[in-house]
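Reader: Could you walk me through one corner of this model, the charged side chains and how they pair up? I'd like a close look rather than a tour.

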Amino acid sequence: MVKIVSCQYVGQSNVYDIGVEKDHNFALKNGLIASNCFNKSHSTAYGYVTYQTAYLKANYPLEYMAALLTANSGDTDKVQKYLNNCNSMGIEIDPPDINRSGLDFTPADNKILFGFSAVRNVGQNAITSILEAREEGGEFKSLGDFCDRIDLRTVNRRTLESLIRCGALDKIESNRQQLINDLELVYEWAQSRARDRASGQGNLFDMMGGGFAANSQKPIQNGFESVPKAETTSDFPPQEKLRMEKELLGFYVSAHPLKNIKQSSSLLAPINLAQLGEQKDNSVICAVIMLNNVKKVMTKKGDPMAILQIEDLTASSEAIVFPKNYERVSSLLEVDARLIIWGKVDKRDEQNQFIVEDAEKVEEVQMVVVELNPQEASTIDVQHRLRSILQEQSGDKDKAKVPVIGLVQLGNYRQLVRFGKQFWVQDSLSTVQSLKNAKFPAYVKQLSEQ
């Protein structure tokens, strides 16, 4: 440790943040000369950049966040973080749209629009072809119009399927499965028309006004009556559409599998994964998550365990299932499963891990709801009878996984009260029956119910 005791002028020279080997302008105790000192311009530059970015974020939030997402589009964790920031700022994210999207994330209609470059299987040449066709002929009116105007040599069938599955054609036709089925026929139809145009010929239907005039290379508006179409079919289930979005965009965009249970799951007092670092080491926690990946590994003793990649509405994280718990929960560990997991926080090597001790599918999680009026809720005798029933139904605390919720209501007044974990019960049906026998209106509610 040294102390600066004086400062002397030694002339002018270039100053570098990493220091210089020769004389510097700081004299140290014992006659030493400082050779590695940071100059004030270093911190000033950082301060100025911080001011600029804060100003842009405060005054141009859409443009700023769109630029931030574009600049970090190759880093999935950072993009997820910034998408969560957008959500907390009230900025909506729209999936790609063949009639609006550009190359990168762009502001549009007070939202941020996914760019084509963020869609897997969509290359630079394909993007250029789509943008050029749109600029030349305006918005695409249908799948037939789209396939007929783009260059199918650069936009292949796989690219078209990816655009459909991620929702880029939803504004034209919201039934993605119908579009996939239609594509089988439309793609060959469009290829045939492209060959005819390349040879300088139009087919019979074109000449009759079905799409192209004999001496024109531009399609007649609304002239696609000859486009083939598959039999009418129902759309993909919502969860399947979200799964395809995640596969092709890397994120859930139009919705999230956990979003519709956000309010009801909050009654279980779970933490958000973004709060994992705030928890104390070895503290008991639970979370409602999506399971993104499962890696089964073997210990040195030959016992199976698993490393999980999980996410919720706020962040992604890693979770560990050790051998003593793996056998009990292994059947639930399927990719894309919605789970509620219980466990502890493990803090080591500056990392926070979720050690999973138990898990249950969201679709199977139940809650016992007991109805009370405000007078009953504040009466000591009623509280005592209710407590006795719940304690009797709790039994072994390690096996009591069904939470109990009190619904206090009178007229338009309605309030949900979460009972502590010490009052969770083992069996929902027997608990409801015991409550009814004691004249408490009660019923079972699924966590996944709206």
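Author: Sure, let's start with Asp94, which is buried, with a relative accessible area of 14%. That falls below the 20% cut-off, so Asp94 gets the buried label. Keep in mind that this is a predicted model. The partner of Asp94 is Arg100: their side chains meet in a salt bridge, at 3.7 Å from N to O. Arg100 is partly exposed, at 26% relative accessible area, so here a buried acid pairs with a partly exposed base.

Asp94 and Arg100 don't sit in isolation, either. They belong to a network of salt bridges that also links Glu92, Asp97, Asp109, Lys111 and Lys171. One of the contacts to look at is Lys111 with Glu92, where the side chains form a salt bridge with an N to O distance of 3.6 Å. Lys111 lies in strand E5 (residues 111–113), while Glu92 is in the loop between helix H3 (76–88) and strand E3 (93–94), so this pair ties together parts that are 19 residues apart in sequence. Both ends are partly exposed: Lys111 has a relative accessible area of 26%, and Glu92 comes in at 48%.

For contrast, try Arg149 and Asp145. Their salt bridge has its closest N and O atoms 3.1 Å apart, and both residues lie in helix H5 (residues 143–149), 4 residues apart, or about one turn of the helix. Arg149 and Asp145 are both buried.

As for the whole model, the count comes to 23 salt bridges.

Methods. Residues are numbered from 1 along each chain as its sequence is written. This is a predicted model: local features need pLDDT of at least 70, side-chain atom pairs count only at pLDDT 80 or more; totals for chains, interfaces and linings use all residues. Side-chain values use heavy atoms; hydrogens and water are left out. A salt bridge is a side-chain nitrogen of Lys or Arg within 4 Å of a carboxyl oxygen of Asp or Glu. Helices (H or I, at least four residues) and strands (E, at least two) are DSSP runs, numbered from the N terminus. Buried means under 20% relative accessible area, exposed over 50%, partly exposed in between (1.4 Å probe, protein chains only).
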